[in-house]
Amino acid sequence: MISYRIFRFTPFLLALLLACSLSAAPAWAQPDDDAVTADQRLDGLRKQITVIQKTLDADADVPDATLSQMKADALAASADADKVAATLEPMLASVQARLAELGKPAAGTKDAPDVAAQRGQLDRTSSALDAQVKLARLLSVEATQASEQVSTVRRAQLQARLGERTASILASSFWKQLHVELPQNMQRLQKLGQELVDAARETPQSVWGGILVAIVLLLAASVWVSRYLLLLTSTRVPHGRLRRSLHALAVLLLALATPGLVAELLALGLRWDGNVSDKTDIFLSSLIGIICFAGFTAGLGHALLSPNRASWRLLPLSDALAHRMRQYPSVFALVVVLVWTAERVSTVINAGLSTAVAINCIVALVLSMTVAFGLMRAERCWRQVRAADPASPVTPLWLRGVVLLLWLTLASSLVSLLIGYVAFGSFVTKQIAWVMVVVCSTYLLTVLLDDICMLLASTPPPPDAVNPVLATPKARDQAAVLLSGIGRAIVVLLALMLLLAPFGEGPSELFQRVGKLQDGLAIGEVAIRPATVIQALLVLVLGFIGIGLFKRWLQNSYLPTTNLDAGMQMSFLTLFGYIGGVTAVALALSAAGIGLERIAWVASALSVGIGFGLQAVVQNFVSGLILLAERPVKVGDWVSLGGVEGDIRRINVRATEIQLGDRSTVIVPNSEFITKTVRNVTLANPLGRVQLKLPLPLSTDADEARALILAAFVENHDVLDAPAPSVQLDGIDNGYLMFNATAYVGSPRLAYGVRSDLLFDLLKRLHAATMPISNPSTMVLSSVPAQPEAPTISAVATAPAPVPPLST
């Protein structure tokens with residue numbers, strides 16, 4: 001029955017094995033679909049680059065928008081060619097490796113027919129792939145050169161346009177030509193207006209009613225959302241700068257969305273029947289963008305000034321100045337709408353040259369007057385504040401310089417407009433407004449990012465946090481500062497890209513240039529790519545976090561269950577941390593594409609440095625490893641070395657920390673423990689010994705004295721039961737009975753205090769038993785047997801002075 005089933009499914013098994021073998025066939029044996037696709041992509045890229053080059057070589061006055069699109073296409077073609085080359089290179093390497101495996105036929109011999117056919121196929125595939133890779137690299141270079149050529153043409157056109165001079169608006173000829181073009185321009189303007197009116201009439205009244213209701217609801221919702229956001233940020237966001245920056249961002253987004261949605265609803269009503277022309281439709285879309293930008297500008301100004309809530313203000317401005325400038329953002333936004341709408345209207349109606357120049361001149365004058373009005377109003381208010389309160393802060397020097405530069409720029413723009421350089425004057429004025437908006441937006445975003453990161457730093461971890469890296473306040477502060485710096489750097493970089501956009505390097509072009517960095521930077525045989533760098537950093541961070549978590553588990557869960565003492569556990573954790581750190585760094589280097597065999601020159605440089613000046617460092621490092629491995633001393637030991645005596649608190653790679661009795665710390669190089677004599681009080685036996693020598697008169701009852709001393713030892717709770725205390729009679733010296741009493745305590749650090757307690761207790765007991773002591777007792781504290789001493793009257797210590805117990 002089983003054999004029948006196997007026979008029944010044999011065809012299916014054979015088909016499955018055949019499919020697997022075909023899917024696992026080598027790349028050289030499969031149809032060359034990838035090569036055909038690459039040929040098609042390369043052919044399309046070649047045609048695209050050829051069109052760009054022909055357009056540039058035609059010496060025609062290409063519009064700036066077309067040049068911008070051509071530059072974006074060239075950069076995209078360069079990136080696409082690089083991707084094709086990167087895709088084909090592994091295939092070429094695989095084919096070449098297969099050829100290397102086949103090898104060359106021996107002289108005078110011929111390959112077998114199947115081997116010869118396979119070799120020929122591989123040779124043809126290798127040649128085709130190599131040609132495609134070279135063509136892709138060549139097309140990438142040509143596309144990059146075409147992009148640079150487009151940039152050169154754009155800069156030349158910008159310079160020519162800015163340097164072009166027309167008739168001054170103060171000249172009568174200019175106004176005569178404008179008067180001649182006025183009827184035609186008015187006719188075109190009436191045509192545009194009539195088209196918009198017709199589009200509005202063709203829309204049903206019910207639609208306009210619905211749009212009107214939607215606008216009213218939108219405005220009401222905007223007011224409600226504004227109040228709700230204020231309540232939300234004041235109650236749900238922690239107290240601090242983050243509350244203010246988040247509210248400022250909410251005000252900005254609300255000011256951006258409300259007029260934009262209203263404009264979109266009105267444009268929807270005009271486009272309802274779809275009877276507007278393409279040019280008018282583009283005009284409506286651009287008008288919506290202008291309104292959104294104006295709303296953004298007004299919201300940005302109100303968010304930064306915050307005239308009605310001084311405690312929510314981000315900018316360091318006085319209340320009088322903020323209140324005085326409260327209407328300026330709205331006025332500036334209204335001027336922006338009028339200015340850019342006038343320019344778009346002149347473009348849509350295809351106004352004459354004199355009309356376009358006049359509109360640009362009037363637009364620039366209105367915009368420059370608006371900026372100048374804001375500067376004068378702010379300066380006048382600041383002078384009034386200074387006069388009313390002389391103790392108010394002085395204007396910073398850099399701010400004075402910026403204001404002076406703005407006045408000089410506005411003056412140059414006005415002069416250029418009056419003498420006929422309308423393009424230059426208009427460009428300068430618009431750049432002033434654009435820089436103001438970009439700088440204010442950058443300030444708001446950087447403050448918001450910094451506030452978010454500082455909130456993460458100030459937020460304590462949960463009580464059950466197990467991450468040893470992020471649970472420490474210092475680590476959180478460092479991570480927050482690092483993230484804040486990276487975020488603000490990215491925002492500033494984006495701001496610079498936006499400021500450079502009018503000069504031929506827009507954000508899209510710069511982003512595409514940055515995207516080409518994914519191919520990496522080759523340094524010798526090592527290719528440094530952003531992806532590999534990020535991967536290496538991720539491996540390094542995750543490695544150290546994993547090491548920290550594992551050390552935490554060892555310290556809290558596993559090691560306490562072993563028979564290792566505290567010092568050995570600390571040494572094991574330290575050694576594990578060193579090994580884990582080296583392993584994490586090695587894995588990060590491997591993730592970055594830097595193998596350990598490629599850093600042999602680093603080892604050579606280190607060997608030279610060791611030979612000249614790092615002997616002591618290496619000696620201490622090796623000594624530290626020996627200390628951690630052999631453990632002649634360990635954490636918690638009481639050692640004496642070269643006049644330094646105390647407890648070992650930590651054994652590092654280079655040095656060991658010893659805490660003295662006065663709680664000060666001495667840093668001792670590790671080599672001192674290897675090359676010099678070290679006395680370790682607690683190495684072999686952690687117990688401390690208390691020794692008392694008592695001279696008593698000959699008339700004393702020896703048994704009673706022995707029992708009395710043993711009773712004092714037994715009743716002291718610090719004296720150990722094992723080894724049991726003992727009292728010996730050393731002999732009779734100078735008419736006195738010499739009693740030698742010995743007891744043991746848990747640590748040598750306790751011996752000094754226990755000896756003092758025993759002496760107090762023995763004096764009371766001897767006095768109560770009327771046993772006189774003729775001479776003072778001799779007290780000996782030592783962790784090893786002391787040398788025999790002659791009876792003395794004064795107290796003699798045969799061991800070093802003990803160190804008070806360490807606080808844990």
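In strand β4 of this predicted model, Gly646 is the bridge partner of Val639. The contact belongs to the pairing of β3 (residues 638-641) with β4, which is antiparallel and runs over four bridges. A hairpin with two residues between the strands connects β3 and β4, and within this hairpin Gly642 adopts a positive phi near 55 degrees.

Strand β4 (residues 644-651) also pairs with β5 (residues 655-659), again in the antiparallel sense and over four bridges. Here Ile648 faces Ile658 of β5. Three residues make up the hairpin link from β4 to β5. Six of the eight residues of β4 are buried, so the strand is largely enclosed by the rest of the structure.

These strands belong to an open sheet of five, ordered β6-β5-β4-β3-β7, with antiparallel pairing. The edges are held by β6 (665-669) and β7 (679-680). Each has a single partner strand, so one side of each is left without a neighbour in the sheet. Strands of a sheet pair through backbone hydrogen bonds.

Strand β8 (residues 688-697) is mostly covered, with ten of its ten residues buried. In a regular strand, side chains alternate between the two faces of the sheet. Both faces of β8 are covered. One side carries Gly688, Val690, Leu692, Leu694 and Leu696; the other carries Arg689, Gln691, Lys693, Pro695 and Pro697. The charged residues Arg689 and Lys693 are thus listed among the buried ones. Strand β8 pairs with β10 (residues 736-745) in the antiparallel sense, over ten bridges. Within that pairing, Val690 has Ala743 of β10 as its bridge partner.

Between α21 (702-715) and β9 (726-733) runs a loop that contains Pro723. The peptide bond from Ala722 to Pro723 is cis, with omega at about -5 degrees.

Helix α22 covers residues 748-768. At 1.5 Å a residue, its 21 residues should span 30 Å, and the end C-alpha atoms are 30 Å apart, which agrees. The buried residues of α22 include Ala751, Val754, Leu758, Leu759, Leu762 and Leu766. Arg749 and Arg755 are buried as well. Just after the helix, Thr770 takes a positive phi of about 55 degrees.

A positive phi also occurs at Ser306, about 45 degrees, although this residue is not a glycine. Ser306 sits in the loop between α8 (278-305) and α9 (319-324). Its relative accessibility is 11%, so Ser306 counts as buried.

The structure contains 13 salt bridges. One of them joins Asp80 to Arg41, with the closest N and O atoms 2.4 Å apart. Asp80 belongs to helix α3 (residues 64-102) and Arg41 to helix α2 (residues 33-57), so the pair ties together parts 39 residues apart in sequence. Both ends are partly exposed: Asp80 has a relative accessibility of 24%, and Arg41 has 35%.

A second salt bridge links Asp281 and Arg271, whose closest N and O atoms lie 2.8 Å apart. Asp281 is in helix α8, while Arg271 is in the loop between α7 (241-270) and α8; the pair therefore ties together parts ten residues apart in sequence. Asp281 is partly exposed at 28%, as is Arg271 at 23%.

Glu343 and Lys430 form a further salt bridge, at 2.1 Å from N to O. This pair links distant parts of the chain, with Glu343 in helix α10 (residues 328-348) and Lys430 in helix α13 (residues 422-458), 87 residues apart. Glu343 counts as buried, at 12% relative accessibility. Elsewhere, salt bridges with shared partners join Asp43, Arg46 and Lys47 into one network.

On the surface, Leu170, Leu414, Val415, Leu418 and Ile419 make a nonpolar patch of about 430 Å². Val415 belongs to helix α12 (residues 397-419). With 46% relative accessibility, Val415 counts as partly exposed.

Over the whole chain there are 22 helices and eleven strands. Of its 808 residues, 34% count as buried. The chain exposes about 46000 Å², of which carbon and sulfur atoms supply 66%. Among contacts between residues at least 6 apart in sequence, 72% join residues at least 24 apart.

Methods
Residues are numbered from 1 along each chain as its sequence is written. This is a predicted model: local features need pLDDT of at least 70, side-chain atom pairs count only at pLDDT 80 or more; totals for chains, interfaces and linings use all residues. Side-chain values use heavy atoms; hydrogens and water are left out. Patches are made of residues with over 30% relative accessible area and no salt bridge: like charges are joined within 9 Å, nonpolar side chains (Val, Leu, Ile, Met, Phe, Trp, Tyr) within 5 Å. Accessible areas come from the Shrake-Rupley method with a 1.4 Å probe; for residues, only the protein chains shown count as cover. A salt bridge is a side-chain nitrogen of Lys or Arg within 4 Å of a carboxyl oxygen of Asp or Glu. Buried means under 20% relative accessible area, exposed over 50%, partly exposed in between (1.4 Å probe, protein chains only). Contact means heavy atoms within 4.5 Å. Two strands pair if DSSP finds at least two bridges between them. The expected span of a helix is 1.5 Å times one less than its number of residues.
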